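These are my notebook entries on a single structure, set down in the order in which I looked things up. Each entry opens with what I wanted to know.

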Amino acid sequence: MKEKIIEKANEMFLTLGFKSVTMDDLASEMGISKKTIYAHFENKTKLVEATTEHLFCCICDGIDGILHEKNEPIEELYEIKAFVMKHLKNEQASPQYQLNKYYPKIYNALKLKQFEVMQECVIENLKRGMQKGVFRDTIDVEIISRLYFIGMSGIKDQNMFPAQQFPMPNLMEDYLEYHIRGIATDMGLNILNNLIQK
């Protein structure tokens, strides 16, 4: 039951937002009593914590699976982006923005974990790209990996990029292209251009 509650809450939070979904909404949607939810989670904050942890683990597992395939580095970045967007349901309700606004402690802990995981993935991707000749061998992987993380976090800032004006799928697409164009060799640019045309 705990897993079912987490999965349904996760779906509702991503679609409607952390603020909008109440324990009553969740109970009603699941056809259970609020008491059943409170038997597993003492309050909404604990539920939000559990759902964000669950989603983080699912996304990490999926990304690990993609990395394990050791695909061409530029294609790999596009596969990861597609996987993350699918799991975040295209971020219709700007979940990161709401999480930061209403649950800052959970948001900050999650951001730190995201940074650690993403840093490792991006550095590995950059080094492999340099070895394969698709990324310039003069780039500083420590700086580029951090710039990439800051950019990915930055495009989720609703004050800078209001969702009505900048839909998340477009932003992610543009940011990824921007990142790759900044570090790619001519060979890398050919791969990128072919991917964009597809």
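**Entry 1. A loop leucine**

Which residues does leucine 88 touch, not counting residues up to four places away in sequence? I worked from a predicted model, as I note here at the outset. I found that leucine 88 touches Leu14, Leu55 and Ile59. I located leucine 88 in the loop between helix 5 and helix 6. I then asked whether leucine 88 is buried or exposed. Its relative accessible area is 8%, so I recorded leucine 88 as buried, the cut-off being under 20%. For leucine 88 and leucine 55 I noted a C-alpha to C-alpha distance of 8.6 Å, with their positions 33 residues apart in sequence.

**Entry 2. The chain as a whole**

I next turned to the overall fold. I counted 10 helices and 0 strands in the secondary structure of the chain. Read along the sequence, the pattern is α-α-α-α-α-α-α-α-α-α. Taken along the principal axes, the C-alpha atoms fill a box of roughly 60 × 35 × 30 Å. The chain has 198 residues, and 44% of them count as buried. I also looked at contacts between residues at least 6 apart in sequence: 69% of these join residues at least 24 apart.

**Entry 3. The cavity**

How many cavities of 30 Å³ or more does the structure hold? I found 1. I recorded about 690 Å³ of space in the largest cavity. Its lining consists of 37 residues, and Ile59, Val84, Gln114, Met118 and Lys156 lie nearest the centre. I listed the elements that give two or more residues to this lining: helix 1 (2-16), helix 4, helix 5, helix 6 (95-102), helix 7 and helix 8. Helix 7 supplies the largest share of the lining, with 9 residues. I sorted the lining residues by type and obtained 25 nonpolar, 7 polar and 5 charged. I note that Ile59 appears here among the residues nearest the cavity centre and in Entry 1 as a contact of leucine 88.

**Entry 4. Nonpolar cores**

I then looked up the nonpolar cores. The largest has 23 residues, and Leu126, Phe135, Tyr148, Ile155 and Ile180 touch the most other members. Helix 5, helix 7, helix 8 (141-154) and helix 9 (168-183) each give two or more residues to this core. Which element gives the largest share of this core? I found that helix 9 does, with 7 residues. For isoleucine 180 I set aside the neighbours within four places in sequence and found contacts with Ile74, Leu77, Tyr78, Phe135 and Leu192. I also recorded a second, separate core of 22 residues, which includes Phe18, Leu26, Ile37 and Ile106.

**Entry 5. Polar residues of helix 7**

I examined three residues of helix 7 (residues 104-131), beginning with arginine 128, which is found there. Is arginine 128 buried or exposed? Its relative accessibility is 8%, under the 20% cut-off, so arginine 128 counts as buried. The side chains of arginine 128 and glutamate 76 are joined by a polar contact of 2.6 Å. Not counting residues up to four places away in sequence, arginine 128 touches Lys70, Asn71, Pro73 and Glu76.

Glutamine 119 also lies in helix 7. At 9% relative accessibility, glutamine 119 counts as buried. I found a polar contact of 3.1 Å between the side chains of glutamine 119 and serine 145. Beyond its neighbours within four places in sequence, glutamine 119 is in contact with Gln114, Glu142, Ser145 and Arg146.

Lysine 111 is placed in helix 7 as well. Its relative accessible area of 29% falls between the 20% and 50% cut-offs, so I recorded lysine 111 as partly exposed. Lysine 111 touches Phe149 and Ser153, not counting residues up to four places away in sequence. The C-alpha atoms of lysine 111 and methionine 12 are 21 Å apart, and the two residues are 99 apart in sequence.

**Entry 6. A positive phi**

What is the phi of lysine 70? I read a value near 50 degrees, positive in a residue other than glycine. I noted this because most residues other than glycine have a negative phi. Lysine 70 sits in the loop between helix 4 (44-68) and helix 5 (73-87). I recorded lysine 70 as partly exposed, with a relative accessible area of 49%. Lys70 is also one of the residues that arginine 128 touches.

Technical notes. Residues are numbered from 1 along each chain as its sequence is written. This is a predicted model: local features need pLDDT of at least 70, side-chain atom pairs count only at pLDDT 80 or more; totals for chains, interfaces and linings use all residues. Side-chain values use heavy atoms; hydrogens and water are left out. Helices (H or I, at least four residues) and strands (E, at least two) are DSSP runs, numbered from the N terminus. Buried means under 20% relative accessible area, exposed over 50%, partly exposed in between (1.4 Å probe, protein chains only). A polar contact is a pair of N or O atoms within 3.5 Å; within protein, one must be able to donate a hydrogen and the other to accept it, and residues adjacent in sequence count only if both atoms are side-chain atoms. Contact means heavy atoms within 4.5 Å. A nonpolar core is a set of buried Ala, Val, Leu, Ile, Met, Phe, Trp, Tyr and Cys residues joined through side-chain atoms within 4.5 Å. On a 1 Å grid over the protein atoms alone, a cavity is a set of points where a 1.4 Å probe fits but cannot get out, and a pocket is an open set with protein on both sides within 12 Å along at least five of seven lines; lining residues have an atom within 4 Å of a point. Grid points are joined across faces, edges and corners, and a volume is the space filled by probe spheres set on the points. Ala, Val, Leu, Ile, Met, Phe, Trp, Tyr, Cys and Pro count as nonpolar, Asp, Glu, Lys and Arg as charged, and the others, Gly among them, as polar.
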